[in-house]
Amino acid sequence: MHVMPQEFSSEDFAARYSACHLNLLRYVLTLLPDRSQAEDVVQEVARLPWQKRHDYDPAKPFWPWARAFARFEVLLAIRRQNVRGKYFSEQLIEQLAEERVANEEQLSAQREALAGCLQKLDEPSRELLMLRYGREISVQELAQQQGKSANALYLSLHRLRQMLSDCVNRTLRMEGRV
């Protein structure tokens, strides 16, 4: 006897999708180097699971199901580009996707450690990192805003990245996650 999976509400769908949205973006950015294109793919991925919601079994995890749509959409985006040399081959994309899934737990641990390490920085350092990497403001523009040379800012950013890397590695070792 075939049992149809129970349907889940639009609120439940929205909650499940929202919970994995950032992970979807991270996953797609692993496979597509262009952030704008990656965001477009994630937007499309939001639509597809909704259309296929009747095929989804709410008793199963939502993230792997949504990730499968993302993988498919990345491959479609690459085919649509059809520009040799600009993007990775489909075979490499498949390999990267598999490795991303296999390393998901370690990446999650690194993100948690990074969040803790960022909190240990002083406010001006955190703000500089957020402007540069969160808002993607160029070093030249930041240097101009802060009245510093671009070289001085590059050096500051390099030191901050090194401090964060050391802190993350130390945290992961202390927690036994390495």
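**Exercise 1. A bridge between two helices**

Which residue forms a salt bridge with Glu-98, and how far apart are the closest N and O atoms?

*Solution.* Note that the model is predicted.

Step 1. Find the partner. Glu-98 forms a salt bridge with Arg-71. The closest N and O atoms are 3.5 Å apart.

Step 2. Place the pair. Glu-98 lies in helix α4, and Arg-71 lies in helix α3. The two are 27 residues apart, and the pair links distant parts of the chain.

Step 3. Check the surroundings of Arg-71. Its relative accessibility is 23%. Buried would need a value under 20%, and exposed a value over 50%. Arg-71 therefore counts as partly exposed.

**Exercise 2. How α3 and α4 pack**

Describe how helix α3 and helix α4 cross, and list the residues that meet.

*Solution.* Two packed helices are described by the angle between their axes and the distance between the axes.

Step 1. Get the two values. Helix α3 covers residues 62-81 and helix α4 covers residues 90-102. Their axes come within 11 Å and cross at roughly 155 degrees.

Step 2. Name the arrangement. Angles over 145 degrees count as roughly antiparallel, so α3 is roughly antiparallel to α4.

Step 3. Add the hand. The crossing of α3 and α4 is right-handed.

Step 4. List the contacts. From α3 come Arg-67, Arg-71, Val-74, Leu-75, Ile-78 and Arg-79. They meet Glu-90, Ile-93, Glu-94, Ala-97, Glu-98 and Val-101 of α4.

Step 5. Sort by class. The contact of α3 with α4 has six nonpolar, no polar and six charged residues.

**Exercise 3. Short range or long range?**

Contrast the salt bridge of Asp-12 and Arg-16 with that of Arg-67 and Glu-104.

*Solution.*

Step 1. Start with Asp-12 and Arg-16. Their closest N and O atoms are 3.2 Å apart. The two residues sit four apart in helix α1 (residues 10-31), so about one helical turn separates them.

Step 2. Check exposure. Asp-12 has 26% relative accessibility and is partly exposed. Arg-16 is partly exposed too, at 22%.

Step 3. Turn to Arg-67 and Glu-104. Here the closest N and O atoms are 3.2 Å apart. Arg-67 is in helix α3 and Glu-104 is in helix α5 (residues 104-120). They are 37 residues apart, and the pair links distant parts of the chain.

Step 4. Check Arg-67. Its relative accessible area is 14%, so it is buried.

Step 5. See the whole count. A search of the whole structure finds eight salt bridges.

**Exercise 4. Another crossing**

Work out how helix α6 is placed against helix α8.

*Solution.*

Step 1. Read off the geometry. Helix α6 spans residues 123-134, and helix α8 spans residues 150-174. The axes come within 11 Å and cross at roughly 105 degrees.

Step 2. Apply the cut-off. Angles of 65 to 115 degrees count as roughly perpendicular, so α6 is roughly perpendicular to α8.

Step 3. Name the residues. Ser-125, Leu-128, Leu-129, Arg-132 and Tyr-133 of α6 make the contact with α8. On the α8 side are Leu-153, Ser-156, Leu-157, Leu-160, Arg-161 and Leu-164.

Step 4. Sort them. The contact of α6 with α8 has seven nonpolar, two polar and two charged residues.

**Exercise 5. One residue in α1**

Is Phe-13 buried or exposed?

*Solution.*

Step 1. Locate the residue. Phe-13 lies in helix α1.

Step 2. Use its accessible area. The relative value is 7%, so Phe-13 is buried.

Step 3. Look along the chain. Phe-13 and Arg-53 are 40 residues apart along the chain, and their C-alpha atoms are separated by 8.3 Å.

Technical notes. Residues are numbered from 1 along each chain as its sequence is written. This is a predicted model: local features need pLDDT of at least 70, side-chain atom pairs count only at pLDDT 80 or more; totals for chains, interfaces and linings use all residues. Side-chain values use heavy atoms; hydrogens and water are left out. Axes are lines fitted to C-alpha atoms, for helices over the stretch in contact, and angles run from 0 to 180 degrees between N-to-C directions. Angles under 35 degrees count as roughly parallel, over 145 as roughly antiparallel, 65 to 115 as roughly perpendicular and the rest as oblique. A crossing is left-handed if the near helix is turned anticlockwise from the far one by less than a right angle, and right-handed if clockwise. Contact means heavy atoms within 4.5 Å. Ala, Val, Leu, Ile, Met, Phe, Trp, Tyr, Cys and Pro count as nonpolar, Asp, Glu, Lys and Arg as charged, and the others, Gly among them, as polar. A salt bridge is a side-chain nitrogen of Lys or Arg within 4 Å of a carboxyl oxygen of Asp or Glu. Buried means under 20% relative accessible area, exposed over 50%, partly exposed in between (1.4 Å probe, protein chains only).
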